[in-house]
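Trainee: Could you take me through one part of this model up close? I'd like to know what sits around it and how it compares with other spots in the fold.

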Amino acid sequence: MITFKKGNLRVPKWNRRVFMVAGGTTAYRKFFPEYKLEELVMMAFKQMLEDNNLKMDPLEVKGLINYAAYGEFADHFQDQLLCEAKIHDYLGLDPLFNVGIKTGGATGGTTILNAAMAVASGYADVALAAGWERMDEVDTRTGNFYISTAACKDFETRLGRVYSSYYAPMANRFAWAFNVSETTRAKIAVKNRLYACSSPYAQQPGKHTVEEVLASPMSAYPLRFLECCAMSVGSACALLCDEKTAYQLSDNPCEVFICGGTHTLRVADRRPMDIPLLPNEIPGMYKELVKEGSRWPGFESFLAARFAAYLTYRMAGIHDPLEELDLVELHDAFTISDLQTYGDIGLRPYGQEQDYIESGDAYYGGKCPSNLSGGLLGTMHAVGATGIFQAVECLWQLQQKYDQFHGDSKIWKKWGKTKPRDWKSLQIPKKSKQALWVSHAGVGSHVTVCIIKKS
C-alpha cells in the first residue's frame, strides 16, 4: 500500500507567473526523407517566430531566448547521442544553455514543464521548448522493439515486444470491470481520426465508421489497428515567457500551470492505495468501486495521471474539470489509454468513463471536446514532439487561431496536400478560457497534466 505524508502532496507554486505566447509545428508523416531532422525542427521554430502575430520582429524574439529545453524520446531512432546539441547549434542558439529531456511518451509534456520551471525560477525570462522524433530511419519491426523497451524489460517487454500488447490486458480488464463495449472504444478512433481530416499536419486522417474500426486487423486482442497510433516523424515547439515579456510579445498570452506524476513500469506490480481525490470528488464516493477483491489503480487506471491532475487542478484553481475546461487534448496512443484517462483526470468518476463519449460531451460542440487536433490516433505521435504539439494546439484554440493554422490553403500546400473541399473549422467558441492536455509515457510511468488559461 502506498501512503502519502503531508509533504508528498504539496501543491507546486511558481516563484513568478509563466505564460505561453507562440507555437510551431511541422506536418507529421511515416517517412520524411526530403528533410534532415534539424531542418524539420527549424521549420517548426520558424513558424513559431514568424506566424504567431508576435509584436516583435522574429529575430528580435529569437534574441530574447535565454534557455532551451529539448525533448527526444530515444537516441536509437536518430542514432545520434546529444542530438539536442546538434539541433541547438542549427537553430543558432549557442552558447545559451540547453538541456535534453527523456521521459518516454511524456517527453513533450516534461519538456514544457522544464522550460516553465526555468521561467518560474527566474533562470530565464524566455525559454524555448522544442521536441522531435525521427522514427523513419529504422524499419517498423525495429521501431516497435525500441518502443517496447519503454516497459520493464525484466517483466513486461516479454509480453510481446509490441506496445499494443501491454495495453491489450488493460483493455480486457477495463471492459470486464466497468462493462464497457468495444463499440465505445471504436467511437474514440472514429472521432479523433475524423477531426484529423481538418488538420494539414495530420498523418492518418480518416472518415471511418465504427464497423470499419472493429473490422480492422487485430494488433493485440482486443485492440485493432485503427485503435492504435502510428510511428511518426516531425517536430513542434513552444515559447514560454515571464509575465512582462509575454505582454510585450502578445496581446493574448496564456498562463501555464503544469505538474507531473510517476509510477512503476511493472503494471502487474502496482501497489494498491487510497484514491487521491480531485477537488470535485468527495470522501467515500469510491467505496463500492474499491471493494474487497479489487484494488486501485489496478489495471484500469493510471496513478501518475491522477497524481498529476490532483496537483495541477489545485495549482490552477480548477474545481470541476468538466464544467470549467473548454478543451482537452489527451494521450490517445490507444483507444483504451484515452478511455482510461477520463477517470484519472475527472471528466467522469471512475467506473463511468465511457459516459464521456456516449453522452456527446467529448465531441466538437459538446461540453468539453477532446482531441480536436486529431490526437495521436489521427495526427501524430512523433514521441518527443507529441506533448508540445498538444500544447500548441490548445494555445491556438484559446487564441482563436485554429482557422489561421489549419484552414489556410498555403499551409496544406506547403506539406504537399490539398485542403479538402469539405474542410470544417473546429475552432472552439471565443468565450473559451481554459484548456488541458495530458502527456503520457509508457504504461503510465510518467504523466504530465498541463492547463493553460486565457489571460
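Mentor: Let's go with G71: its relative accessibility is 0%, and since buried means under 20%, it counts as buried. Keep in mind that this is a predicted model. G71 is part of strand β2, which covers residues 67-72. Leaving out neighbours within four places in sequence, G71 is in contact with I101, T107, T111, A130, G131, W132 and G384. For a sense of scale, take A215: it is 144 residues from G71 in sequence, and the two C-alpha atoms are 36 Å apart in space.

Now look at another strand residue, T25, which belongs to β1 (residues 18-25). At 2% relative accessibility, T25 counts as buried. Its side chain also has a polar partner: the backbone oxygen of S235, reached at 3.4 Å. With neighbours within four places again set aside, the contacts of T25 include A44, Q47, Y201, S235 and A236, along with the aromatics F389, W396 and W415.

For a helix, try α6, residues 140-148, where G143, I147 and S148 are buried. Looking down the axis of α6, those buried residues fall within an arc of 135°, so they line one face of the helix. What they pack against is α3 (75-78) and α7 (164-178). Check the start of α6 too: there, a side-chain oxygen of D139 comes to within 3.1 Å of the backbone nitrogen of R141.

Technical notes: Residues are numbered from 1 along each chain as its sequence is written. This is a predicted model: local features need pLDDT of at least 70, side-chain atom pairs count only at pLDDT 80 or more; totals for chains, interfaces and linings use all residues. Side-chain values use heavy atoms; hydrogens and water are left out. Buried means under 20% relative accessible area, exposed over 50%, partly exposed in between (1.4 Å probe, protein chains only). Helices (H or I, at least four residues) and strands (E, at least two) are DSSP runs, numbered from the N terminus. The arc is that of the directions from the helix axis to the C-beta atoms. Contact means heavy atoms within 4.5 Å. A polar contact is a pair of N or O atoms within 3.5 Å; within protein, one must be able to donate a hydrogen and the other to accept it, and residues adjacent in sequence count only if both atoms are side-chain atoms.
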